[in-house]
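Here is a short briefing to read alongside the model. Have the viewer open and follow the topics in turn.

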Amino acid sequence: MILELFVDANRCIGCRACEEACSECPGHGGQSMIHLDFLARPTSVQSAPTVCMHCAEPACVAVCPADAIRIDPDGVVLTAMAERCIGCANCALACPFGVPKVLGGRELMVKCDLCYDRTAVGQKPMCATVCPSGALFYGTRAEVEDLRLARPLNRFHFGDAVVVTRNHIMAPAASDGVAVGAPAPRTPAEQHLEEALW
Amino acid sequence: MATLPAPLEQLIDTYGPHLNFEPPGGFAARGAPDRRVETHCCFCGQQCGVKLLVKDERVVGVEPWEEFPFNRGKLCPKGVKRYLQNNHADRLLHPLVRTGRGFAEISWDEALDLVAERVQRLQRRSGPDSVAVLSGASLTNEKAYLMGKFARLALGTRHIDYNGRLCMVAAGAANLKAFGIDRAANPWADIAATDLVLVLGSNVSECSPITTDYIWRARDRGARLIVVDPRLTPIARTADLYLPVRPGRDALLMNAILHAVIRLGGVDDAFVARHTAGFDEVRRAIEHCTPEAVAQEVGIRAARIVDAARLWVQAPRTMLLHARGIEHHSTGVDNVLSCINLVLATGKIGRPGCGYATITGQGNGQGGREHGQRCNQLPGARDIENPVHRADVAARWGVPESSLPRTGKTAPEIFEAVHSGEIRGLVSICFNPLISLPDAAFTRAALERLDFFVTIDVFLSETARHADLVLPGSLQEEDEGTVTSAEGRVIRIRKAVDPPGDARPDWRIICDLARRLGAGDRFDFSGPAAIFDELRRLSAGGVADYSGITWEKIERQMGVFWPCPALDHPGTPRLFEGGRFAHPDGRARFHAVSYRPPAEDVDEEYPIILTTGRIVSQFLSGTQTRRIGPLVAHQPEPRVELHPRLARRLGVADGQRVRVTSRRGHLELCAHVVATIRPDTVFIPYHWPGDRSANRLTLRAYDPLAKIPSFKVAAVRIEPLPPGGDGAPAPPGDPVEGGAPSPPGDPVEGGAPSPPGGVGGSS
């Protein structure tokens, strides 16, 4: 039974519970490994959490000159080993999802390792445990397919390049991949506001 | 005299708000906890289950409590970071008495004696009703009960009211009129099981975030979602149908939806005939409310109103949810009744996945409005003017019925009476009216006229700064008790740690005060368990019947829904099953609602509608959350949210400072230009004090029955300030918070959060 993380940005309410909970994880020292962005606040309240997607062929691993980033047998891309990381930021530049950050002052790469401490003992990652809207869901693919109308996808098209990831994002049932960078269509509700009388 | 006892900056320097970012000793020093205490969040009415981590007798963190069925581990950011209110440098640790130069520590004996002496002197001179009690809906059921008993028996005043007056009273009054009982009709599980959710005036994503999950679970099964709100909130963004109503026109909109429902043949005639009364009056009253006739006034195209009616009629099961957005109005009760009319006319209540609820806002917004801390109420949600109810309670309290005071003033009326000099003394707990009441300048002027003001609090709130005496009470996690969540589920609040320093559990302070006032024999409680037992027995036969609820049963069942009239009764998650309502004849009541415009409408001088509300990272008046660093960092300052079209007309750019002026006062703050609000409306969150207080702009207009203030509609004008902002000369006006301007660079009052590590010292 493979447990995976599913991200449904459509449900995200921008509350930052994920960030705050992540910062409470033992070992994170008050720092969140997940970030939350409002994508186009002047025109929309759409927000989205960004977690490490745990790529099948991680660019961060490929470009690390210190061989500091390991992949565990379950396909989880781990945070750079502190004793090896040289803080060069290659990983941060290479990641197609903009996930790894190089901590100023410490010069170490940090990123989500899928709550290794918790998942190793059968708990869900902190972010997916607290997320009040279900934008972050941790479980099996069968569970999420059973519970939801949206479908899980893990193929991302960056122009011609395809990136396959361990984590999934949830997309409308008809989609088969995500074209990164395509403009988001206006929701019916946004249209309804446009029609308001005033 | 209750002007500030020292310059504002000195008070802030000593008592905060300062920001706490870390557990004691920092994250690295936290280590494994000694124990995990299963309890609930201290903030909103969702009352999410959470585990508090305790190490060395201090609360050092939280963990999700996944077994608690309501939230299943889910939390909002406030729930995650609430533990940072513990071990806080601002915490009040000793009784404080006002001196010529600020506050000085005194002993408990001196403090309690002082209260008794000053209160009794006032009451001897000006009568028992010259002293009023203000209480709060964050208090446990035990404390809420105790406050009502304290006011009536120990003080003998008829004036006790609570800050739920600013939250739940419009919904409560309407529910009582329509159903004969004031409680959410359905458990939240029914939201997940419905076919259509209609949300009115509730920014659920920010104000009751866990409800978002229930709505999505319904949608995962194919349910539709309609949201009525002047702002395109995060949950509204995804709605199937969004009705951007003009603030203050909710009842007119609901009348038009009902009109369209009738036209579509959606009335459940059998249900109406068998289980209700008064529908013909409603039908007549809304005859002229066609969608076409009201469209311009409500600000929504007629076709969309009909769409809403069609979705409602087509859905076999519906859940109608509303909150302060339709309740904070001079027409609050009517707005709620207009929603209930739709539910009753279509018979959509009292079934699994089908019904109605108001989303209670405050932590114990439900239980806090049931057990006698309201001006017109006795425990068990009894009516203080009902002779049978009076006799019942008097007998159980062992006092003559004639000695029980009658209906007192509501919280806003108490301040009017303080201002006029009719009420001279105030005993307050858990209420920060300087921030939460409308027209803050008036509230401040009232506070300054008090002869004696004593308050029980955990931090020196903006209001407490005006007190003669401050008694250090307990945080939620420092005492045992129960609260009743938005669902009507009575749950257990467990003690994690003792109050720090000389601070004491609130119940003990109240009982000690009662003893000093000569009523000790009626307040001889060994603790909250004994208080609950008295409350439980006394509620028997009342509307809010808790008599079958015990702490042990709550723990075993993960909560008990009232009414629960016997020890072997499982509780009542869903009301009105089989169409049986709580009025004596079992029928629900329709109420014809004639549209009244808001108490203050826009005009040429003040052409823009101001609406106020909350943000996800702050809670109510911010006494707790403005001291929690990571939450303050989300949004350190209020901003005025306005549509790009309005901004263009005013010549305002995003981020530019603007002056917002109403007939009460003005604010200067930054513009947040976003296309997610009606272009005729602006929004300001109200959590902040002084020159950032949205309630400097709001008006003292109230619903005639419930006396809830009209926080959701005021008329304002907006002017851009020159870039840079600081150079603009402010027009003369009274700084509401207290005199001196904030010192530059002050970490909280000035804006930018201070760096981590600034606070965290132990008590």
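How many residues of domain 1 of chain B are in contact with domain 2 of chain B? In this predicted model, 17 residues of domain 1 of chain B touch 17 residues of domain 2 of chain B. The points below set that contact beside the interface with chain A, a pair of packed helices and a small topic on strands.

**Domains of chain B**

- The domain assignment splits chain B into domain 1, made of 96–165 + 364–579, and domain 2, covering 169–358.
- Taken over C-alpha atoms, the centres of domain 1 of chain B and domain 2 of chain B are separated by 33 Å.
- On the side of domain 1 of chain B that touches domain 2 of chain B, there are seven nonpolar, five polar and five charged residues.

**Where chain B meets chain A**

- Contacts link 51 residues of chain B with 37 residues of chain A.
- Several elements of chain B each supply at least two residues to the side that touches chain A, among them strand S3 (58–64), helix H8 (211–220), helix H13 (291–298) and helix H24 (629–634).
- Helix H2 (77–81), helix H7 (204–207), helix H9 (234–237) and strand S10 (241–243) of chain B also each supply at least two residues there.
- Sorted by class, this side of chain B holds 27 nonpolar, 10 polar and 14 charged residues.

**Helix H10(B) against helix H13(B)**

- H13(B), already met at the interface with chain A, also packs with helix H10 (residues 250–263) of chain B, at an angle of about 160 degrees and with the axes 10 Å apart.
- Angles over 145 degrees count as roughly antiparallel, so H10(B) is roughly antiparallel to H13(B).
- The crossing of H10(B) past H13(B) is left-handed.
- From H10(B) come Leu252(B), Leu253(B), Ala256(B), His259(B) and Ala260(B), which meet Pro291(B), Val294(B), Glu297(B) and Val298(B) of H13(B).
- This helix contact counts seven nonpolar residues, one polar and one charged.

**A three-stranded sheet in chain B**

- Three strands of chain B form an open sheet in the order S19-S20-S21, with antiparallel pairing.
- Strand S19 (481–484) and strand S21 (560–561) of chain B are at the edges, each with a single partner strand, so each has one side without a neighbour in the sheet.
- S19(B) and strand S20 (residues 489–493) of chain B run antiparallel and are joined by four bridges.
- If you would like a spot to zoom in on, Thr484(B) stands opposite Val490(B) of S20(B).

Terms used: Residues are numbered from 1 along each chain as its sequence is written. Chains are lettered from A and ligands numbered from 1 in the order in which they are written. This is a predicted model: local features need pLDDT of at least 70, side-chain atom pairs count only at pLDDT 80 or more; totals for chains, interfaces and linings use all residues. Two residues are in contact if their C-beta atoms, placed from the backbone, lie within 7 Å. Ala, Val, Leu, Ile, Met, Phe, Trp, Tyr, Cys and Pro count as nonpolar, Asp, Glu, Lys and Arg as charged, and the others, Gly among them, as polar. Two strands pair if DSSP finds at least two bridges between them. Axes are lines fitted to C-alpha atoms, for helices over the stretch in contact, and angles run from 0 to 180 degrees between N-to-C directions. Angles under 35 degrees count as roughly parallel, over 145 as roughly antiparallel, 65 to 115 as roughly perpendicular and the rest as oblique. A crossing is left-handed if the near helix is turned anticlockwise from the far one by less than a right angle, and right-handed if clockwise. Domain bounds come from an automatic or database domain assignment.
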